[in-house]
Structures are given as structure tokens and as C-alpha cells.
Amino acid sequence: MINRIFILLALLGLILMFLPFLKDFDFHDQLGDLSSQYVEGSINDLNSQNVVTSVVVTYRGLDTLGEVTVLFLATAGIGFLLRTKKRSKKSRKSSELLQTASQFLLVLIILTGIYIFLHGHLTPGGGFQGGVLIATAFLLLILADANVEFNHKVLHLVESFSGTFYVLIGFLGLLLLGMNSFLDPTIIPLGSFGKLLSAGAIPVIYSLVGLKVGSELTTILDKMGGE
Amino acid sequence: MVNPIYILILSLVIGFLLTIIDKAGRKLSLFFLYGVLSFNVAVMFIWFYQFAFVGRASLMIHTAGFIAPISINLKLGLLEAFVLLLANLAGLMSAMFLFKKLKETHISGLILYLVLIMGVNGLVMTRDLFNMFVFIEILSISTYALISIDENKRSFSAGFKYMIAGGITSTFFLLGIIFIYYFTGNLNLDTVLGNSSMLAMKTGVFSIFLLIVSIFIELKPFPANGWALDVYQAVNSGITSVIAVVNSAAILFVFYKILPLLPDQYLMVFVGAGIVTFLFSNLIGIKQTDPKRLLGYSSIAQMGLVVAAISYTTKLNISQDLVFIMAGGIFINHFLAKAGLFWITGIIKRSEIKDWGILRNNTPLLLLFGVLLFALAGLPPFPGFWAKWEMAKIFVSNNLYVGLAAVLIGSLFEAFYLFRWFGYAIKNERKEESLKPVDFSQLFPVAVFVLITLLTSVWIMIRVYAFDLINFLPVAAVFGMYLLNFLKAKLKAVLAIIVVILYGYSIYPLETALQSLFGIIFVIGSGIMIITTMNRKGKISGFYGFLLMMILSMGNLIIAKSFLSFFLNWEFMTIAAYLLILRGKKGQVPALTFITFSLAGAYLMLAGFGFMPNVLSSNAIINTIGSIEIPLAAMILLLLGFLIKSASFGLHIWIPGAYAEAEDDVTPFFASIFSKTGIFGLLLVAISFIKHSSEFNPFYWLGWLGAISAIVGAFLATFQEDVKKLMAYSSMSQLGYIIASVSLLSHLGWISALYLTLNHFMFKAMIFVAIAGVIHRTGTRQMYKMGGLIKKMPISYITVLIGIIAVSGVPPLSGFGSKWLLYSSMLEKGWYLQAGVFFFASGVSFLYLYRMIHTIFLGQLKYEHQNVKEAPIYFLIPQVIFIMGIMAISMFPNLIIKPLNSIVGNYFASTIMIDGYNVTSSLGHWNGNMVMMVTMGVFIVPLVFLILFNGRTQKVKQFNIVFAAERPESPQTTHFAHNMFSHYYKALGGLTKPRIQNFWNSVSEWSNAIAGLFRQIYTGNGQTYLLHILLYIVVLYIFLGV
Amino acid sequence: MIFSLILGFILLIIGLYGMLTQKNLIKIVIGFSIVDTGTHIIIVSIGYLRGKTAPIIDNAVDLANAAKQVVDPIPSALVLTAIVIGLAVTALMLSFIIKLYHKNRSLSISDYQELKW
Amino acid sequence: MISIIIIILGIIMIAAAFYAIHSKSLLSAIISAGVISLLASVVYLLLAAPDVAMTEAAIGSGLTTIIFIFTLRKIKKGGLDD
């Protein structure tokens, strides 16, 4: 009972803390300096249509690298937590039809995913969304056949090398453009605004992010969903 | 120069590839892991060197080809490099400690570890708020996962609680970031710092508060820290040390980075919260017996203190050097000691501190443990000591007295539980199980950290405070003797005497005669007393080192040139004394009592010194103190500190245990020499007081305290069966005389004080050494078990006899002179009542002195003592030397009165006249030489008579049984010496009821009860912990008062 | 958008309420994910500007005045990161629950208090 | 217009949140938490943040829900076998 009172007090206190913020909240009617610079920079310096992508991949590229790392850590962490000595094999056949259908869907979804992250600088979406979609494709496989044996080697290779190349592209910036150019997309010519091959290294980085995220999420799903 | 961003790149690339690398074997993966971690250390070492010694400006690294605030930037300056050097080093060492674990575990463990360390580097360097959030998440997630390295239920449940707490705090952090973004339109810390418009609004301050408080919660403030304690207790020691030091260091640095966002007037909330954390965590720690949870409480407390220090220095805007010593000192102290101790808990693997006696089987590990523990307790020469010194000064100069008191009380609690643990490790030996050989991979990291701790300490002493080499001697002696441990005890004793002689020679000549007087007691007296210890056999490791430490630090007190140097050596002395008491067979509890009281005294003194100006002088402090006015508050604090050392009434309860349980040949050091340090301290304060007397005179009350000590000590001594306890209380009583005569603040008073001091030094030394010989031969301390030893140990008997005469003030020996001086000075001052009390106390003294000599040496010899021999020669030499000393000053009082007269003449106008052997005061005169002659005459006449007419006595054999009867149930009760003064006890025993003992016991019980009460909040339920966090945020916000 | 901002706060408080009152470990994690969602809504709401379009400079947006026509891209970028991190944390929490259940066969948080004081 | 939609969505979301917390069945709780995320992604779309909307739909309502269900399934089956 006393516990309930304290919970009530805590929540009430939080509400009272946040209330002035809501009361005084006054929406800006235009972009701040930094955001405007981003919008203009995205158009003029980076040739990227999607400003969010420019921000994510370039201006706040270090965050994105960190975010990929977080996901990577979660994968490793779940692998570490749920480590088992041996994988037991039990087979549970699902219907043929489901399997065939899912394999067909698999290809379709993966292609969509790739499309999304390749167009990250042009349309909404990008590496993360594409990556999730790819993982969803494999999820279908898991659902169709709980004991599906992925080719873990390929998965690991994709996961490791997409990440490594991502960092190395960043590193290339350091090598080519100087000490302040880690993750600089201008190591690749910017191309023309609005085209698929534009925005310098942004599509490349986003593709690598997509592959990395896709393979990581697949691993997580496999670890948590597999038996 | 290596771009520090390479640390991130290399760690990530290797981290990403490690799964594949591992296919080629674990050895290769480990190679890469250790390679990258070493690379990190190397990079940070280079940069630290560049910033600290080459003077490079700090480095800004921007990313993505844009300059901040458009892009995220990293900063590497001196502070960053310093923190990261330590953090990376701890990371590497912890990885080494975990070597066996990492060799076997899943490869993900290595990846998590590597990226964790990378996260720390990123977190410290980044200047972008949201980027901090990302790095905090990297840090947290890898930590969460690594918690499960030992797959036990406890670590999983601790991990889950940690995740709930961490998840919510980072949510609040995120909210704080986005609110700040809303107000400033920016996320770059430096830009946001320059933007003060947001501070104009309440909600702006609220946003900053939210940001800072969530980082603060990550630093585990009391009481919102239950989750952290569980993690410390349950998780593998290698990982715990990473969490406790590496993670904390990074988070602390973030706190330091973002703290300037908050306007100065709000910072006190965090100072207060930090100090509360320090006080309460340490309080609760005293109930804890699981070493890892104990270290957890200590970690939390230390982080609280660092937070308080950082917040306060940020508020005050004081000089960088002081910030470094104060906040940095506590930080580095905690960092090194905590990591090392957590590793040791991983080596010992005992979850009850009672079982730590096993540590004794491994001497090097014990030494490492000891160094780290003493460092953690904030004792010199370790960095925490200097930090507290500066902290006291800063707190006092800003009138933050409550804060200082809380910090000092908290420190005392911390010292208490740490030393209790240490006591168990030293004393609780368990023969049946032995420690497995320790792996090099586990010992090495501890050794490295101990080495760094020592080097840092030396660095601070030399570079920051510019101490003379002589201040290092006490510590150097310990390590020197440790290296010479292979030598035989006798050789070591000779060596120790040589060191003392050389030391004495090096400080000679002293500036004033007052110094010389105490020099004689502290240095020459100690040198003589070492002879006693030569009777020991074997190697007796760890004895002479500590003995020398005590002697040299006492010597340093006399020549200390600043308060800091004085206090430093005072602490050294206390440490050495503690370790010596702990060596006694049943020394564990008395040593703990001793160190607790001594540290309480030391902290009072620390607070007192906080009020004092910094003295820069080439003269010893005892000579310059006259020109310094000590504020009244400081005076009272200092006096209390010194009174503890001189076992004044009310603060005396450590004395019987410490004297009785110290080894028999060490007790004389304590009783006759060590106790005089308190008197020296009193004089230090008194000299300043007489030159700047104030309206309130604390010394009047001190005089009464001395009188009470004298009478109570005498009574307590009277009813003791244990001869060493008897002598201990006798010391308390005698020191009461000295305290009172110092308090007279008059010429005659001080002469009697110094005379008493010298007298007590000699007779107490003689008696204790003689008693040590008796105990050595008879094997008991109970007086009723002895008797008739006069025939077996005549020289010891004579020593005790002379000693007793000197104590009791019977003519002809020096005691008579001292009493004459005492009463004269008291009457002169008009202290009639006090003089009466002393007169009565002297009468009581007769009782116990008579009892002692009678029951030990006279009466019938015990059957089991038939073959007892005279004490060994090593015991007799000091006795003879001191007998000669006593005789000399008794026969020729001028030898001593004249110098004393000139010493005291520096402070008071002389009121006595010395004419030949005649000392004349306003009340009469005393001729010591004459008294001696007359008494000798009176003595010799009956002696001659007895010798001539004593032919008719008949000698009866002792065991010639005249009558036989039933054997009593408990024979000792029939012995006349047992409960000898029971008739007096009926009348006066009420005075000796252990009221003071009961008072301190109830203090201890109450502390325990309060600790027990407070720790109930740690219910072990993750939801309760979450509730604590939320309530804490709300309460802190209320305190912020926006 | 003030309504979505309020909605975010309400969800945050409800999520916390769930975390504090529900004994079931999975429910606690559900509470956490509601807190997360609430936070994300708050962040996006702060970036919203009335009547402006998504920060994608396609044909519908005038290139020269782009900065005057789009909503703030930064909060969107931050939320992207936050969502992914939220997933990571949630997944890890659930793994802990699996392990805890495996060791102790209980999903009640009251059964995991052996560490205390 | 947007406000009204958001208010309606908000009420549904709050109701779903309460249901998620108080529901006896874990599965329904998980599903309603997924529904909250799904509706949140609609809110993001209305707030002109299509990138976020896509991510929330895919991760928040999709993957997170799946992971919850996987966990539930593992627990129902009696944890790991080793």
C-alpha cells in the first residue's frame, strides 16, 4: 500500500515536473540555424535529396556508426547471453506450399530492401529501413520452418565485412581529405542532384549500413527465434 | 601524432572481424584483443605526454569534413588524455585479469569487451550531446551483456535490474537532450554552453537539470543506487572492476563536461547530493560483510565525493591545480584502489570478510591488498589524503562546515569497515585451507596498479607539495625492511638502531631546546627501546618496518615545517601504531578501536587545520606557531584530536586494549614514547594560545579534564587483574597530570609538565620493559598467577621498585620533584580544587602500584614458576639505562630543571630561582640533591640495623605443607592478590563503572542500527529501485528550487 | 504539434506506471517499450513545424527556399537512432528474461530479490 | 485536421497502453504494444517524418513485437535446453 502511494507520488511529481514545459511550449515557426544549414548543405554540398539521410549519414555520421555498433553489440550480447553448448536438432516440417511461397517472398522482400537503402538519399527510408526489411524476409523463413539452417558463414561474412567496409570508407576520408574527414562522403564524386548515383558515398555507406543492419537483425531473430 | 579517432576505427574494425578471426583460433583473437587495447593505451600515453610535458594545445577533431557544430566533433585535451590513459590502462589490465575467462568464453565476450572500451574512448572525447547518448548506450549495452560472463542466476537478476535502471535514465537523458535542442537549436556542447538564452526560462533550467540528473543517476547517488550494488556484488570481479572504474570514469567525465551548463546557483544541489551519498553509503557499509558489496558501497561513496568535489570546484571556479588535487585526487585514488581491490576479491573468492584470513598465506598479495586498502581509506601518502586536505581547506574557507563534517564522518565509517576487513585478513587465519597459487595474469594487474598508486603518491609529494626527502623516510623504511625481510630479527634490530642513530644525527642539531627534549624522547628513547626487541627469534616479518615508520614519523613531527607536513607524519605514525597493535595475538579488535579513534582524532585535526593559514617557513612549526593565531574553532578541534592520542578521559577507551594486546616489547613504545606525541600537540596549540589569548580559555576546562583523567585512570588501574591493563590505565592517569599542568599556562606549570613528561617517559619505559620480561618468563599477564618473583628476577624487581618510587612521588626520586612542581604550580595558579583531586589520585596510585609490585614480586612463588630465570639480557639493558637516567635527574635535578627553565622562559617570565641544587618558587623551595641525601640516610640506618640483628629468622621451604585440606574449586579466588582491593571496590567501584565504554558502545550500536535501518531500502526488487530513481529525480528537482 | 507532444508525455507516464506496478518481467519490458515510444513521439513533435513538408527535397519543394518549406530534419535523424537503440535494449532485456526464466522458472520480479542490503 | 486525427489516434493509443499493462494475457499485451507502435508511425507520418514512420513501423511494431513473441514462445516451451 505504502508502495502504491510512493508510485503515485513519483508519477505525480514527474507530471508536475513536465507540466511547465508543456505549458510554456511554443512552437518554432521556422527552422533553426543549424537545421537550415543542413537543408541547404544537403542540396548544395552533398547533392542528397533526403535531408534526413544527409544528416544521418554525413553530418551525424558518427552517431550512425555508433548506432550500427549498438545493434552489433546487441547481436553479440544476445549471442553471448543465449550461448549454448550445442544446437539441438529437431525437425518440424511445415507444409511444402508455405516453404515455397516464403522462398519466393524472400527474394522479393530482399530486393525491396535493397531498393530502399540504395534510394536512401532520394526517398524516405534508407539503410535501417532496408535492413529491417531484409531481416523480415529471413523472419519469414524462420516462421515457415523454425529449424531453418541459415548459412551462418555467409551471414557472418556479410555482417563482418559490411561493418568493416563502412569503417574503412570513413577511414578513407581521413586518408584522402585530412584529419577532420572521418566519414566524409565527398571521397566519391557527388554526381548530379536527384540521380541514383549522387550524393557521393552516401548511397554506398547506406547500403553497407543496410547490409549490416539486415544481417545483424537476422542474427538476433535467429538467436531468439531458433530453438 | 596518432589521430585518436584511430582508436575508434581500429576497435570497430577488429570488433566486426573478430567473429571471423576466431575461426582461426582463440589465440589469434586474444592477440588482436590485447593488441588493440595496448594500442589504445599507447595512443593515450603519447597524447598525455604531449599535453602534460610538451605543452601542446588540446586537439579538436571534426568529422565528415565539416566543422562543428555542423558535424560531430571530438576533443582531446590534457584532462581527456589523463582520464582515457587511466581508463584504457584499466581496460587492458582487467582484460589481462580475465585472461582465463576470455580464453574459454564465447567469442562475443571478447567483442563486447573491446567495443566497451572503445565506447569509453568515444564518450570521453565527444563534444556532441546526442553523440554522448549513443556512446552511453554502447557502453551500457556491452556492459549489460558482459554481466552474464559468469552464468549464474544472481548475475542475471542483477543485470536485469541494471537494465531497467539504465534504460530509464538514458530515456531521461534523451529527453534532456531534445529539450536542450528545442531551446538552442543545437546539440554541440560548446555551442550550447555559449548560449545562455535558455537559462532565462525555468523550463530551460529544467532541461539542463534533466540532462545532468540522468548522468548523475548513472553515478549511483544514494539512495537511487540499489541496482548498482547488486551488480557489484553478483558479477565477475574482472567485469565489476571495469564497471566500477572504467565505466564510472567515463560517465563521471560526461558529468564534468555537461555540469557547466547549469548556472552556479544550482550546483549546490549536486554538492549536497554527492556528500549525502558519501555519508550514507559509508554508513550502510559498516553493516556489510560481503567484500564485493562492501567495495560497492565504497565505490558509490567515492563517486559521490568526486561529484561533490567537481560540482563545488565548478561553482567556486578555483584554480585548476586545486581542482586536480581535490577532485582528481579522490578520483585517481578511487580508480586505482577500487580496481585493484575488486581484482583481489576475484583472486580470493571469499564472500565473507571473516574468511579472508586465507590472504595471509600469500605475503606479496597481502602487501598489495594492504597498500590499496590504505589508499582507499584516504591515508597518506596516497592521493586521497591530499584531496581531503585540500577539501577541508576549501570547505572551511567557504564556511561549508556541515559538508566538511559529513565528509569526515563518512570517511571515518569507510575507514572503519575497511580496517575491519583488513583486521580479518591479518588475523583470522585458517590453517585448514590454503590459497591456491595465484596466476601471474591475475597478480600482474594488481601489482601494476599498486605501483601506479605509489608513483602517483610520490609525484604529488614531490611535485605538488615539494616535500623534503625526510618526509618520505617513514614509508621508505617500510619498503626497505620488506626487501630485507630475509634477514634474521637480531640483524634487523641492529639495522633499525643504526637507522635511528643516523636519523637522529641527520636532524641534529635542533633549533630549540624544546625540540631537543622531545627529540630525546622520540628518537633516543626509541633507539634504546629497540634493544628490547632483539630478544625475538626468527624473521618476524613486517615488524621492524612498521616500528621504524613509527619512530621516524614521530621524529618528523618535531621538525615538521608546515601543518601539512606535521599532519602527514601524524598520520604515518598512526598507521604504524595500528599495524603494530594488530600484530598482537588478540590485536584485531583493539587495533580496530585504536584506528577508529585515531582517525576520528585525525579528522578533527584535519578540520582544525582547515582553518589555519598555509605556513611557508624554513623553521619548524613548533617554533613558528607562536606567531600564528589559531581560531578558537580550530583550537578546540585540534585539542580534541591531540587528547585522543593522549587518552584523555572520555576518549580513553582504546587505551587498555591497545596497550594490553600489543606485543609485550612494543607496549613500552606506546606507553612511554607514543603517548607523548599528544602532549607535543597540546603544547603546539598552547604556545599559539598564550601569544594570542582569547576570551574563552579552553585550557581551563582542559585542566579539569586532566584531573578527571588522573583520578579515573587511577581507579580503573586499581581494579585490574591484568598487569598490562593496569599499566595502561596508569598511563592514562599520568597523562592526566601532564595535560593539566600544560593547561596551567604558567611558567611553573610548564616546567612541571615537561618534567613530568620526561619522568613519565623514563619510568613507564622501565616498568613496561621489566613487566615485559616477567610476562616473557611466566607466560601470563594475570597478576594473581604470579608471585614471589623477587628471588628469580631481582633486577626486574629493582627496576619496578625504582619505577614505582618515581611514579608515586615518594622521595627521593624524580617523582617527588615532579609532584612538588605540580602542586606548587597549581596552588600558584589558584587551582586548589584541582590540586586536591590530584592529591587524591596520587593516593589511589599507591594502591595499584603497591598491588603490582606486591603480587608479582613478593609473596609466595608459584609452583609452576620454580624454574623461572631472570629476564633476558635484551630486556635488562634498557632497564638499566633508564634507571641511570632516573637516578641522574633525581640526584642532580639541575641537569633537567635548568634546561627546562630556559625552554619555558621563551614563553613565560621565569618565576623560579635556581641556586645550586635549590629550586625556589613563590611557595617554597626544593633541593633534590638534599632530599636524596637525607632519604638515603634514613634508608641506610634501618638497613644496617636489620643486617646486624636479623640472625634469628628461620627459613621455611615454600612447599613445606603445614596443613592440608580440601582443594578449592577455583584456586585463584583464594589467592590474596585476586580481587585484591575488593573492599575498596565496594566503596569506590561505582566510579569505575564502564560508563564511557557504554557510551561508545551505544554510539557504535546506534550507528549499526541506523545503517541497518537505511539499508532496508535496498529490497532487492528492481521495481523498487526504479521507484527510487524516479522519486530521487523529483526530490532533487524540488531541492533545485527552480 | 502540441497534441502529439502531450500524447508522448502521457505514454511516457503510462509506461513508467506499468514498469512500476506490474510484477511480470515481460510486462515490465512492455512498459519500457511504451516509454520508448512516448519519448520518440515527443522528439518528433518537437521537430514538427506547422504546415511544412517532410525534409525531402523532391519536385514538390522549391530548391532555393527549401529551408523555409520543410520540417526539422535533426529530430528525425535522432529518433531513427533512438528507435534502433531501443530495439537493441529491448532485445537484450528479453534475452535476460529468457535466461532468468531458464534458471528460476519464474517470471515474477519478486522472485529475484536474493541480492539486497 | 491533423490535430483531430492525432487526438483520435492518441486516445486509441492510450487505451491500448492501458490494455497492454493490465491485460491478463501476455500475448494480447504484446500485440497491443505493437499496435501502439503502429499508430505511432501514423503519427510520425502526419508529423511529416516519413523516415521515422517507416522505421517505427518496421522496427517498433514489426521486429519488436516478433522478438517479444519469440521470447514468449521460448518461455512457454520451458526455456532453453542445454
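How far apart are the closest C-alpha atoms of chain B and chain D? They lie 13 Å apart, and no contact joins chain B and chain D. This is a predicted model. Five pairs of chains do touch, and the pair with the most contacts is chains A and B.

**Chain A and its contact with chain B**

Chain A has eight helices and zero strands, so that its pattern along the sequence reads α-α-α-α-α-α-α-α. Of the 227 residues in chain A, 53% are buried. Among the contacts in chain A with a separation of 6 or more, 69% are between residues 24 or more positions apart.

Where chain A meets chain B, 50 residues from chain A and 48 residues from chain B take part. On the side of chain A, helices H1 (2-23), H2 (33-44), H3 (51-59), H4 (61-81) and H7 (152-177) each supply at least two residues. H4(A) gives the largest share of that side, 15 residues.

**Chain B and its contact with chain C**

Chain B also touches chain C, with 36 residues of chain B in contact with 34 residues of chain C. Helices H6 (129-146), H7 (153-184), H10 (226-234) and H41 (1022-1040) of chain B each supply at least two residues of the side that touches chain C. The largest share of this side comes from H7(B), with 16 residues.

The table gives the make-up of these two sides and of a helix contact described further below.

| Residues of | Nonpolar | Polar | Charged |
|---|---|---|---|
| Side of chain A that touches chain B | 26 residues | 17 residues | seven residues |
| Side of chain B that touches chain C | 20 residues | 11 residues | five residues |
| Contact of H21(B) with H32(B) | seven residues | one residue | no residues |

**The nonpolar core**

The largest nonpolar core has 578 residues. Those with the most contacts inside this core are Ile177(B), Ala250(B), Phe255(B), Ala88(C) and Leu92(C). Helix H4 (residues 73-104) of chain C provides the largest share of the core, 21 residues. In soluble globular proteins, nonpolar side chains tend to be buried together.

Which residues does Leu92(C) contact, leaving aside its neighbours within four places in sequence? From chain A they are Ala74(A), Gly77(A) and Ile78(A). From chain B they are Ile141(B), Tyr144(B), Ala145(B) and Met163(B).

**Helix H32 of chain B**

Helix H32 of chain B covers residues 747-778, which is 32 residues. At 1.5 Å a residue this helix should span 46 Å, and its end C-alpha atoms are 46 Å apart, so the two values agree. Because 30 of its 32 residues are buried, H32(B) is largely enclosed by the rest of the structure. After H32(B) comes Gly779(B), which has a positive phi near 75°.

Two packed helices are described by the angle between their axes and the distance between the axes. Helix H21 (residues 513-530) of chain B packs with H32(B) at an angle of about 5°, and their axes are 11 Å apart. Angles under 35 degrees count as roughly parallel, and therefore H21(B) is roughly parallel to H32(B). In this contact, H21(B) contributes Leu517(B), Ile521(B), Gly525(B) and Met529(B). These residues meet Leu754(B), Leu758(B), Phe761(B) and Ala765(B) in H32(B).

Note on methods: Residues numbered from 1 in each chain as written. Chains lettered and ligands numbered in written order. Predicted model: local features only at pLDDT ≥ 70, side-chain atom pairs only at ≥ 80, totals over all residues. Helix = DSSP H or I, 4+ residues; strand = E, 2+ residues; numbered from the N terminus. Expected span 1.5 Å × (residues − 1). Buried ≥ 20, exposed ≤ 12 C-beta atoms within 10 Å, placed from the backbone. Contact = placed C-beta atoms within 7 Å. Nonpolar A, V, L, I, M, F, W, Y, C, P; charged D, E, K, R; others polar. Axes fitted to C-alpha atoms, helices over the stretch in contact; angles between N-to-C directions. Parallel < 35°, antiparallel > 145°, perpendicular 65-115°, else oblique. Core = buried A, V, L, I, M, F, W, Y, C linked by C-beta atoms within 7 Å.
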